[in-house]
Amino acid sequence: MQTIAVARPQPAPAEDDDKILKIHIYLADGSHFQREAIAGLRLLDLLRMYGFPVKAECGGACVCGTCHIRIPEHWQNVLPPPTDEELARLDSIPTADERSRLACQIETTDEMDGLEFEIQPDSLVQTYWAAG
Ligand code: FES
């Protein structure tokens with residue numbers, strides 16, 4: 001049997017003056033995970049660092065739409081506005097709504113301490129186990 005090791009990016013150590021942000025990540029089944037981050041990190045990279053199986057098929061180039069997240073309305077005022085490119089990509093996602101964003105297009109800021117978002121099921125790699 002061959003074992004394949006997959007390297008995952010590791011969080012950079014925080015500098016003394018970095019503010020540690022608490023980020024709340026939800027899945028569609030209600031699961032909740034609190035993770036730490038610093039400013040300047042794309043939400044997609046945060047998810048990858050902590051091992052969330054986000055498809056992100058284009059690697060963060062705003063092409064695939066498979067890093068779809070939903071951010072509650074009360075957090076919208078701290079988010080950067082979506083670019084035309086992000087809006088066009090969101091328009092191609094049938095399940096997207098006004099709370100939808102792409103995790104590859106949002107970088108954390110100090111104002112995002114406590115940010116909550118939900119990874120959409122269509123953006124998660126599904127793993128199936130076959131009993132047998
Ligand atoms: S990873 Fe492809 S659009 Fe975000």
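**Exercise 1. The hairpin**

Which residue in β2 is the bridge partner of K22? Work out the pairing of β1 and β2 around this bridge.

*Solution.* This is a predicted model, in which local features need pLDDT of at least 70 and side-chain atom pairs count only at pLDDT 80 or more, while totals for chains, interfaces and linings use all residues. Residues are numbered from 1 along each chain as its sequence is written.

Step 1: begin with the terms, since strands (E, at least two residues) and helices (H or I, at least four) are DSSP runs numbered from the N terminus, and two strands pair if DSSP finds at least two bridges between them.

Step 2: strand β1 covers residues 21-26 and strand β2 covers residues 32-37, and the two pair in the antiparallel sense over 6 bridges.

Step 3: the bridge partner of K22 in β2 is E36, and Y26 stands opposite H32.

Step 4: the hairpin of β1 and β2 has 5 residues between the strands, and G30 takes a positive phi near 95° in this hairpin.

**Exercise 2. The sheet**

Determine the order of the strands in the sheet, and explain which of them stand at the edges.

*Solution.* Step 1: the protein chain holds 2 helices and 5 strands, and from the N terminus on its elements run β-β-α-β-α-β-β.

Step 2: the 5 strands form an open sheet with mixed pairing, in the order β2-β1-β5-β3-β4.

Step 3: β2 and β4 (100-102) each have a single partner strand, so one side of each is left without a neighbour in the sheet, and these two stand at the edges.

Step 4: the twist averages 35° from one strand to the next, where axes are lines fitted to C-alpha atoms (for helices over the stretch in contact) and angles run from 0 to 180 degrees between N-to-C directions.

**Exercise 3. The nonpolar core**

Describe the largest nonpolar core, and follow the contacts of L43 and L46.

*Solution.* Step 1: a residue is buried if 20 or more other C-beta atoms lie within 10 Å of its own, exposed if 12 or fewer do, and partly exposed in between, with C-beta atoms placed from the backbone. By this criterion, 23% of the 132 residues of the protein chain count as buried.

Step 2: a nonpolar core is a set of buried Ala, Val, Leu, Ile, Met, Phe, Trp, Tyr and Cys residues joined through C-beta atoms within 7 Å. The largest has 21 residues, and those with the most contacts inside it are L43, L44, V54, C67, I69 and A103. At least two residues of this core come from each of β1, α1 (43-49) and β5 (116-119), and α1 gives the most, with 4 residues.

Step 3: two residues are in contact if their C-beta atoms, placed from the backbone, lie within 7 Å. Leaving aside neighbours within four places in sequence, L43 is in contact with I69, A103, I106 and T108.

Step 4: L46, found in helix α1, is buried because 24 other C-beta atoms lie within 10 Å. Not counting residues up to four places away in sequence, L46 touches I23, R35, A37 and L41.

**Exercise 4. Two positive phi angles**

Compare the surroundings of A56 and C62.

*Solution.* Step 1: most residues other than glycine have a negative phi. Neither residue is a glycine, yet A56 has a positive phi of about 40° and C62 one of about 65°.

Step 2: A56 lies in the loop between α1 and β3 (68-70), and C62 is also found in the loop between α1 and β3.

Step 3: A56 counts as buried, with 23 C-beta neighbours inside 10 Å, whereas C62 is partly exposed, with 17 other C-beta atoms within 10 Å.
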